[in-house]
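Got the viewer open? Here's a short walk through the structure, one selection at a time.

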Amino acid sequence: MAYDDLRDWIKTLEKHGELKRIREEVSPELEITEITDRMSKIGTRVSASSRSADANGTPGQPKYAPGGPALLFENIKGHPGHKVFINQFGSERRMALALGVEQLDEVAERIIGLMNVKAPEGLLDKLKMLPQLGALTSAFPKTVNAKDARCKEVILRDNFDLRQFPILKCWPHDGGAFITLPCVHTRDPRSGKRNIGMYRMQIYDGQTTGMHWQRQKIAAEHYREALRNAAAADAEESANFGAKAARVAMMAETAGGSVSIPDGPIGGLPQIALGKLKGSRMEVAVAIGTDPATTFSAIVPAPPEVEEFMIAGFLRGKPVEIVRCETVDLEVPAHSEIVLEGYVELGELRSEGPFGDHTGFYTMTDDYPVFHLTCITHRRDPIYAATIVGKPPMEDAWMGKAVERIFLPAMKMTIPEIVDVHLPIEGVFHNLMLVSIKKSYPGQARKVMNAIWSLGQAMFTKCIIVVDEDCDVQDVGDVVLRVTNNIDPERDIQFTMGPIDSLDHASRLPNYGSKMGIDATRKWKAEGFDRPWPAMIEMDRATKARVDAMWSKLGL
């Protein structure tokens with residue numbers, strides 16, 4: 001099912017009993033976070049300790065399913081007439097509803113069907129291919145006229161102020177209010193391909209925000225490429241130095257765009273004064289409150305060559321309608337609630353944070369690019385869509401689980417011996433991955449670890465545990481049993497160095513540190529293990545059948 005926009009999605013949630021309207025006045029500073037945090041932990045092992053009041057109603061009779069309901073706050077202190085929508089993806093059922101399926105595995109099966117398409121050999125085969133072709137056709141976005149775009153019902157080119165919207169301050173020690181569910185649109189300076197990512201945005205004032213795209217995100221690479229291009233263009237204009245050398249110098253002197261551009265000549269080369277490039281711009285647009293498939297597509301670990309508009313269209317089974325922005329050369333979802341247009345200035349960085357993050361800890365201050373607004377457009381009476389992150393489980397846990405299930409087939413294409421993967425919520429997705437494999441040769445578990453560390457965002461995985469295919473990685477207890485019994489720590493644990501997630505506060509350096517792999521598979525003689533390996537305890541089938549037959553008579 002394709003939802004036309006956020007409001008269509010809200011109506012569906014209410015119809016299915018998945019939405020709770022809050023009419024009591026609440027503050028966007030801390031109070032909405034506390035309410036949402038209590039609700040999102042309902043039905044989990046931490047729910048009792050995370051709330052001071054009984055949000056479930058009568059003890060032992062929970063009112064809501066795990067994850068609680070989506071919440072629509074309709075009376076925001078200091079923002080009369082505004083609404084805040086939160087926890088929209090915060091349960092297994094809502095995550096499936098958002099993508100128009102009963103079970104998330106249905107999306108994975110659609111992806112497998114596309115991957116397994118073969119050249120048709122006759123008319124019948126061609127007819128069988130029609131659904132797959134239809135799915136591909138729906139993936140391409142559809143451009144609409146500005147007059148048909150609901151996001152342009154109100155257009156503000158002057159005298160606008162971001163703070164008119166009820167943007168949340170989530171945790172007590174946050175550096176300020178943050179936009180937490182933005183679809184950030186950029187364009188690859190090389191290929192022209194569009195990207196949508198989700199990066200928090202700290203509000204500095206009514207016209208500027210931080211842009212927390214971490215170093216290894218696609219938008220950050222767009223920013224770096226814009227820096228390289230600006231340096232190369234200056235070198236070619238001056239004819240004093242090679243363009244390629246200027247590109248290399250730009251990356252080296254700015255640490256890949258993570259420190260400000262130096263003012264004077266650099267590296268003993270007076271021919272290159274990168275400070276002259278200050279003032280160059282990269283255009284950015286931000287959509288807040290899109291249909292759920294488009295919002296979800298902003299977090300998926302897609303290759304840079306695949307536009308998120310196409311991912312959203314595939315998930316929706318219907319093209320995403322897009323419209324050109326007013327002041328920048330970018331397209332955004334036409335029926336977004338709010339659109340922010342503007343630019344980042346190359347080389348301009350500003351301190352951002354702290355921010356209470358999905359790791360359960362505060363991310364400390366660091367320098368990030370600054371987003372300058374040039375225009376705001378929005379629907380009449382816009383609904384501000386947000387999320388909060390903190391100690392898991394929260395809304396992002398269900399979004400991460402959806403990514404895990406949906407993109408498993410793509411992972412198997414690259415590493416075919418993988419049977420299943422599990423990213424435990426407490427591991428906050430990039431700290432722990434449990435992997436089961438069909439082991440076929442000595443050392444294969446280590447091969448899988450290294451293959452995972454070479455896969456896009458999976459390169460940040462701090463700990464990888466590999467088990468045999470007879471272990472259910474969705475059962476953490478079974479995995480722990482295998483690990484504690486099947487490993488010799490000195491032999492079966494390996495360490496490697498590489499990129500680490502920017503949110504990791506324990507690594508020896510920012511963005512760089514060690515990772516650990518544990519081979520908990522059964523060891524073979526071919527791997528140098530000569531001792532007998534015992535069988536795991538299991539009751540025989542005949543006894544199980546006899547007990548099954550008598551079970552109803554046992555009074556148990």
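Start with leucine 556: with a relative accessibility of 75%, this leucine is exposed, because the cut-off for that is over 50%. Keep in mind as you go that this is a predicted model. You'll find Leu556 in the segment that follows α16 (541-550). Now add Met550, Trp551 and Leu554 to the selection: together with Leu556 they make a nonpolar surface patch of about 440 Å² accessible area.

For a contrast, select helix α10, residues 308-316, where eight of the nine residues are buried. Among them are Phe309, Ile311, Phe314 and Leu315, but also the charged Glu308 and Arg316. Just past the end of α10, click on glycine 317, which has a positive phi of about 75°.

Next up, salt bridges; there are 43 in the structure. Go to helix α7 (residues 218-238) and show arginine 224 and glutamate 221, three residues apart, or about one turn. Their side chains form a salt bridge at 2.9 Å, N to O. Arginine 224 is buried, at 12% relative accessible area.

Then jump to glutamate 337 and arginine 379, whose closest N and O atoms sit 3.5 Å apart in a salt bridge. One is in the β13–β14 loop and the other in the β17–β18 loop, so the pair ties together parts 42 residues apart in sequence. Both residues are buried. Add Asp5, Arg7 and Arg150 to see the salt-bridge network they share with Glu337 and Arg379.

Last stop: arginine 482 and aspartate 470, a salt bridge at 3.1 Å between the closest N and O atoms. Arginine 482 is buried at 8% relative accessible area, whereas aspartate 470 is exposed at 53%.

Conventions: Residues numbered from 1 in each chain as written. Predicted model: local features only at pLDDT ≥ 70, side-chain atom pairs only at ≥ 80, totals over all residues. Heavy atoms only, no water. Patch = residues over 30% accessible without salt bridge, like charges linked within 9 Å, V, L, I, M, F, W, Y side chains within 5 Å. Areas by Shrake-Rupley, 256 points an atom, 1.4 Å probe, with all protein chains shown as cover. Salt bridge = Lys/Arg side-chain N within 4 Å of Asp/Glu carboxyl O. Helix = DSSP H or I, 4+ residues; strand = E, 2+ residues; numbered from the N terminus. Buried < 20%, exposed > 50% of the residue type's maximum accessible area, 1.4 Å probe, protein only.
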